[in-house]
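Colleague: I would like to learn how to read the enclosed spaces, the metal site and the packing of a model such as this one. Could we take the features one at a time, with the general idea before the case?

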Amino acid sequence: MSDTVRLTVAQAVVRFLGQQWSERDGERQRLFAGCLGIFGHGNVAGVGQALLQQELPFDGREGDNPLPYVLARNEQAMVHTAVGYARQRDRLQTWVCTASVGPGSTNMLTGAALATINRIPVLLLPSGTFATRVSSPVLQELEQPYAADVTVNDAFRPLSRFFDRVNRPEQLPSALLGAMRTLTDPVETGAVTLALPQDVQAEAFDWPVELFAERTWHIARPPAEAARIAAAAEVIRSAERPLLVAGGGVHYSGAEEALAAFCDATGIPVAETQAGKGSLLHGHPQLVGAIGSTGTTAANALAAEADVVIGVGTRWSDFTTASRTAFRDNGVRFVNLNVAPVDAGKQGGLSVVADAREALAALTAALVGHVVDDEYRGRQAQLWSDWDEQVEDTYHPGDEVTSALAAGLLTQGEVLGVVNELSDPRDVVLCAAGSMPGDLHKLWRVRDRKGYHVEYGYSCMGYEIPAAIGVRLADETRDVFAMVGDGGYLMMPTELVTAVQERVRIIVVLVQNQGFHSIGSLSESLGSQRFGTRYRYRDDTSGRLDGGPLPVDLAANARSLGAHVIEVGSRAELEAAVKEAKASDHAGPVVIHVQTDPTVHAPDSGSWWDVPVAEVSELETTRAAHAAYLVHKGDQRPLI
Ligand SMILES: Cc1ncc(C[n+]2csc(CCOP(=O)(O)OP(=O)(O)O)c2C)c(N)n1
Ligand SMILES: [Mg+2]
């Protein structure tokens, strides 16, 4: 008989999680930095009691509580914080999130989807209603007449890469091991959900002590098969106009240096997806910037002509392929280096299933002596310098642009320019939804491999502030600039309070443009006349949302939540505010409130995004948009 220890299920979960480590390339770190949570009756006496019992011995003395607790304000937000942290730590470390039964748990669903879509590890512990059902229906319990074992937590199943519900203590060890395996698998990783019924959390059991031994989970770097590398090299050698597309996998694998070495050796130009931006740093001679719907003229011109496209660590989203209109050469072939078979096989490509760093190194070796010709290299350099000039003009708009703006308004491009130029190279810019992700993709000059963090897998309004907290917790040597629109801010300002409580220094740039600049412009381009996208009073006469501006003061709102707020009304004031925020050692959130004119757009590359337009309509604007839509549809490549 092995030794046992008597603990509740929740105590066992907490003790186990504190003993988990991850390791890659021989470097070891704790898998979990801590536990974020909001307590309710579903977890206060279970997981809550266990966390308390864990924390108390460390009270008032230096020590290393392996699972410190952080109180969040919204359960969706705490998953975003965990995602921000894990992404900043290259998926080697993350947080646990505990929520109460019912709404507390279902609030995490959006965060779960975001984590899984972005392939970022987070461990979610939704609480469940009684496994024994002894007092059912309990508060917040869903009763389904057709299935007595269904709970609201079943909604996590399609959003999780691993799901289990621990109805009996005996199930816990395999549930925990399955969860750890999934979190640390570069292919499988995403949201991992262990649903813990509230009665089971409090139930005691005699656990084998081995369950709580320290465990180290190896994060693999699978190498490519030699024959696949040889086949990929043969395709690339046959190309006249090759283009490499760098995705998030380059960052997660730490393949930036291997990519730079590949480019230096071959001269092949590199375009970047949102998650892959920063794979090459600004100024690298082979960089042609953002690709696709929010791409640069340089990358999209090369994409249109490319005869071989090498995708590295990309999942080929519609924004990357401009809804399958970016690559126009009839004979274009794809080579995909990806650790995930599902991505490696996309676009009918030659699939090389491997870790990005390993595969790039092997491919560089296999291509020795191969370089693109000088003419192609020259063309790429010219395209890039043309684009970079446009960026410079956008960062520093001339009088002809600024004199047309109403008093106190800036252009969004100059806001991004000021933040780019006055932040430190290692600082992190963070964004998720609205018009800024596209503008950042095009315009931001990345000066450090971890300096760019735009969540564009789920593009979730409200990600910005909580994720910025996660990034800052992950690396306190960098400032984080969370770029938030007024819409995104209103979706989730709550975690400013968490940043105040935990004294987490984040800099929020709140861009007020009175509504949805992004969706408004999209609506207009699709013939829907910016319907329902402006923050305006309902007009008494028209009965429509086109009355006067609303008396909403988001600066006062942020101040009321405890943030240090700086309101700016000119470029000079914005510059002073960024400098002040950088120079101060304020331990907590700083919010810079700036108003912009939503009618000034970033430079365009003429790229497209497929958003279907009504096929029949009473509106002339919609009919015209539909005619234009059909022209673009004609450019789409067949489904491969
Ligand atoms: C949670 C969520 N709801 C809806 C959307 C759709 N959406 C994308 S951008 C946007 C408007 C964002 O407004 P704001 O943050 O003010 O940015 P702006 O468009 O003005 O730049 C909306 C509603 C979304 N991405 N996320
Ligand atoms: Mg807005």
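Modeller: Let us start with the enclosed space: a cavity is a set of grid points where a 1.4 Å probe fits but cannot get out, and its lining residues have an atom within 4 Å of a point. Please keep in mind throughout that this is a predicted model. With that definition, helix H9 provides the largest share of the lining of the largest cavity, three residues.

Colleague: How many cavities of 30 Å³ or more does a search of the whole structure find, and which residues lie nearest the centre of the largest cavity?

Modeller: The search finds six cavities of 30 Å³ or more, and the largest cavity holds about 620 Å³ of space. Its lining comprises 45 residues, and those nearest the centre are Arg119, Gly248, Gly249, Tyr252 and Gly313. Two or more lining residues come from each of helix H5 (109-118), helix H9 (248-252), H12 and strand E16 (333-338). By class, that lining has 20 nonpolar, 16 polar and nine charged residues.

Colleague: What surrounds the second largest cavity?

Modeller: The second largest cavity, with about 100 Å³ of space, is lined by 17 residues, and Lys277, His282, Leu287, Trp384 and Trp444 lie nearest its centre. E14, H15 and H18 each give two or more residues to this lining, and H15 supplies the largest share, four residues.

Colleague: A pocket, as I understand it, is an open set of points rather than an enclosed one. Which helix gives the most to the lining of the largest pocket?

Modeller: That is H22, with six residues. The largest pocket has a volume of about 1,200 Å³, and among its 49 lining residues Phe319, Ser518, Ser521, Leu522 and Trp609 lie nearest the centre. In this lining, 19 residues are nonpolar, 22 polar and eight charged.

Colleague: Turning to the metal, which residues coordinate the magnesium ion (ligand 2)?

Modeller: For a metal site, one reads the donor atoms and then where they sit along the chain. Here the donors to the magnesium ion (ligand 2) are Asp486 (OD), Asn513 (OD1) and Gly515 (O), at 2.0 Å, with the sequence spacing D-x26-N-x1-G. Asp486 and Gly515 link distant parts of the chain, being 29 residues apart, with Asp486 in helix H20 (residues 486-491) and Gly515 in the loop between strand E21 (506-512) and helix H22 (517-525).

Colleague: Are Asp486 and Gly515 buried or exposed?

Modeller: Both Asp486 and Gly515 are buried.

Colleague: Why does Ala468 count as buried?

Modeller: Buried means under 20% relative accessible area, and Ala468 qualifies because its relative accessibility is 0%. This residue belongs to helix H19 (residues 464-474). Leaving aside residues up to four places away in sequence, Ala468 touches Leu430, Val480, Ala482 and Ile506.

Colleague: Which residues touch the most other members of the largest nonpolar core?

Modeller: Within that core of 86 residues, Leu244, Phe327, Leu440 and Met483 touch the most other members, while helix H15 (residues 374-395) contributes the largest share, six residues. Apart from this core lies another, of 54 residues, including Leu36, Val484, Val508 and Val565.

Colleague: And what do the buried residues of H11 pack against?

Modeller: In helix H11 (residues 297-305), Ala298, Ala299, Asn300, Leu302 and Ala303 are buried. The buried residues of H11 pack against strand E12 (242-246), strand E13 (270-272), strand E14 (287-290) and H15.

Key:
Residues are numbered from 1 along each chain as its sequence is written. Chains are lettered from A and ligands numbered from 1 in the order in which they are written. This is a predicted model: local features need pLDDT of at least 70, side-chain atom pairs count only at pLDDT 80 or more; totals for chains, interfaces and linings use all residues. Side-chain values use heavy atoms; hydrogens and water are left out. Donors are N, O and S atoms within 2.8 Å of the metal (3.2 Å for Na, K and Ca); water is not among the atoms, so sites may look incomplete. Buried means under 20% relative accessible area, exposed over 50%, partly exposed in between (1.4 Å probe, protein chains only). A nonpolar core is a set of buried Ala, Val, Leu, Ile, Met, Phe, Trp, Tyr and Cys residues joined through side-chain atoms within 4.5 Å. Contact means heavy atoms within 4.5 Å. On a 1 Å grid over the protein atoms alone, a cavity is a set of points where a 1.4 Å probe fits but cannot get out, and a pocket is an open set with protein on both sides within 12 Å along at least five of seven lines; lining residues have an atom within 4 Å of a point. Grid points are joined across faces, edges and corners, and a volume is the space filled by probe spheres set on the points. Ala, Val, Leu, Ile, Met, Phe, Trp, Tyr, Cys and Pro count as nonpolar, Asp, Glu, Lys and Arg as charged, and the others, Gly among them, as polar.
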